[in-house]
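Here are my notes from going through the model, as numbered points. Have the viewer open while you read.

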Amino acid sequence: MNVVFPRLWRYCMSLTGQRDWADDLAQVTCLRAIEQASKFQPGTHLDRWMFRMAQRVWLNELRSRKVRMGAGQVPVEDVDLIDTKPDLRDEYFCA
C-alpha cells in the first residue's frame, strides 16, 4: 500500500480540493480497504480499487452533508398541500 498511497492522496485532493479533507478521505479509504480486504480480487489493480472506494466515500460524504445542512428540503409552512378527502359538508348539502 506504500506505493499506492501517494497517488491515492493526490486523487483525494482532486476530489475534495482541500488538504485536510484529502487527508481524512485518504485515511478513511485506507481503513475501509483494510476492512474489506477479503473482497479484493487478486490480479486486479489495487490502485483502481482504492480510487473507486475513495470516490464512493466522498460521494456519500457529500450526500450526508446536504442532508445535515437541510439542502433540498422545504419547510412545511411553505408547501401547498392538497386535501384529497371529500368535504363532508358537501354530502349533506347535496342531499
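1. Helix α2 has the length you'd want. Its 17 residues at 1.5 Å each should span 24 Å, and the end C-alpha atoms are 24 Å apart, so the two agree. Keep in mind that this is a predicted model.

2. Which residues of α2 are buried? The set is Ala22, Leu25, Ala26, Thr29, Cys30 and Ala33. They sit on the same side of α2, because the arc they cover around the axis is only 135°. On the other side of α2 you'll find Gln27, Ile34 and Glu35, which are exposed. As for what lies over the buried residues of α2, the cover includes α1 and α3.

3. Thr29 deserves a closer look. This residue belongs to helix α2, and its relative accessible area is 0%, so Thr29 is buried. What does Thr29 contact once neighbours within four places in sequence are left aside? The partners are Leu8, Met50, Met53 and Ala54. Met50, Met53 and Ala54 are also among the buried residues of α3.

4. Now the same length check on α3, which runs over residues 46-69. With 24 residues at 1.5 Å each, the helix should span 34 Å; the end C-alpha atoms are 35 Å apart, which agrees. The buried residues of α3 are Asp47, Met50, Phe51, Met53, Ala54, Val57 and Trp58. Their cover includes α1 (residues 5-16) and α2 (residues 19-35).

5. Gln55 is also in helix α3, but it counts as partly exposed because its relative accessible area is 26%. Setting aside residues up to four places away in sequence, Gln55 touches Tyr11 and Leu15. Gln55 and Thr29 are 26 residues apart along the chain, and their C-alpha atoms are 9.1 Å apart in space.

6. On to charges. Side chains of opposite charge can pair when their charged atoms come close. How many salt bridges does the structure hold? There are 2.

7. One salt bridge joins the side chains of Asp47 and Arg7, with an N to O distance of 2.8 Å. That pair links distant parts of the chain, since Asp47 is in helix α3 and Arg7 in helix α1, 40 residues apart. Are the two partners buried or exposed? Asp47 has 14% relative accessibility and so counts as buried, whereas Arg7, at 37%, counts as partly exposed. Worth a look in the viewer: Asp47 is listed with the buried residues of α3 and is a salt-bridge partner too.

8. The pair Arg65 and Glu61 forms a salt bridge as well, the closest N and O atoms being 2.8 Å apart. These two residues are 4 apart in helix α3, so about one helical turn separates them. Arg65 is partly exposed, at a relative accessible area of 23%. Glu61 is partly exposed too, at 26%.

9. Next, the cysteines. A disulfide is a covalent bond between the sulfur atoms of two cysteines. The count here comes to 0 disulfides. Cys12 is in none, and the nearest cysteine sulfur, that of Cys30, is 7.9 Å away. Why is there no bond from Cys30? Its closest cysteine sulfur is the one in Cys12, and 7.9 Å is too far for a bond, given a cut-off of 2.5 Å between the sulfur atoms. Cys12 has a relative accessible area of 0% and is therefore buried. Cys30, with 11% relative accessibility, counts as buried as well.

10. Last, the overall picture. The protein has 4 helices and 0 strands, and its elements run α-α-α-α from the N terminus on. Of its 95 residues, 19% are buried. Among contacts with a separation of 6 or more, residues 24 or more positions apart account for 51%. The accessible surface comes to about 7900 Å², and 56% of that surface belongs to carbon and sulfur atoms.

Key: Residues numbered from 1 in each chain as written. Predicted model: local features only at pLDDT ≥ 70, side-chain atom pairs only at ≥ 80, totals over all residues. Heavy atoms only, no water. Expected span 1.5 Å × (residues − 1). Buried < 20%, exposed > 50% of the residue type's maximum accessible area, 1.4 Å probe, protein only. Contact = heavy atoms within 4.5 Å. Salt bridge = Lys/Arg side-chain N within 4 Å of Asp/Glu carboxyl O. Arc of directions from axis to C-beta. Areas by Shrake-Rupley, 256 points an atom, 1.4 Å probe, with all protein chains shown as cover.
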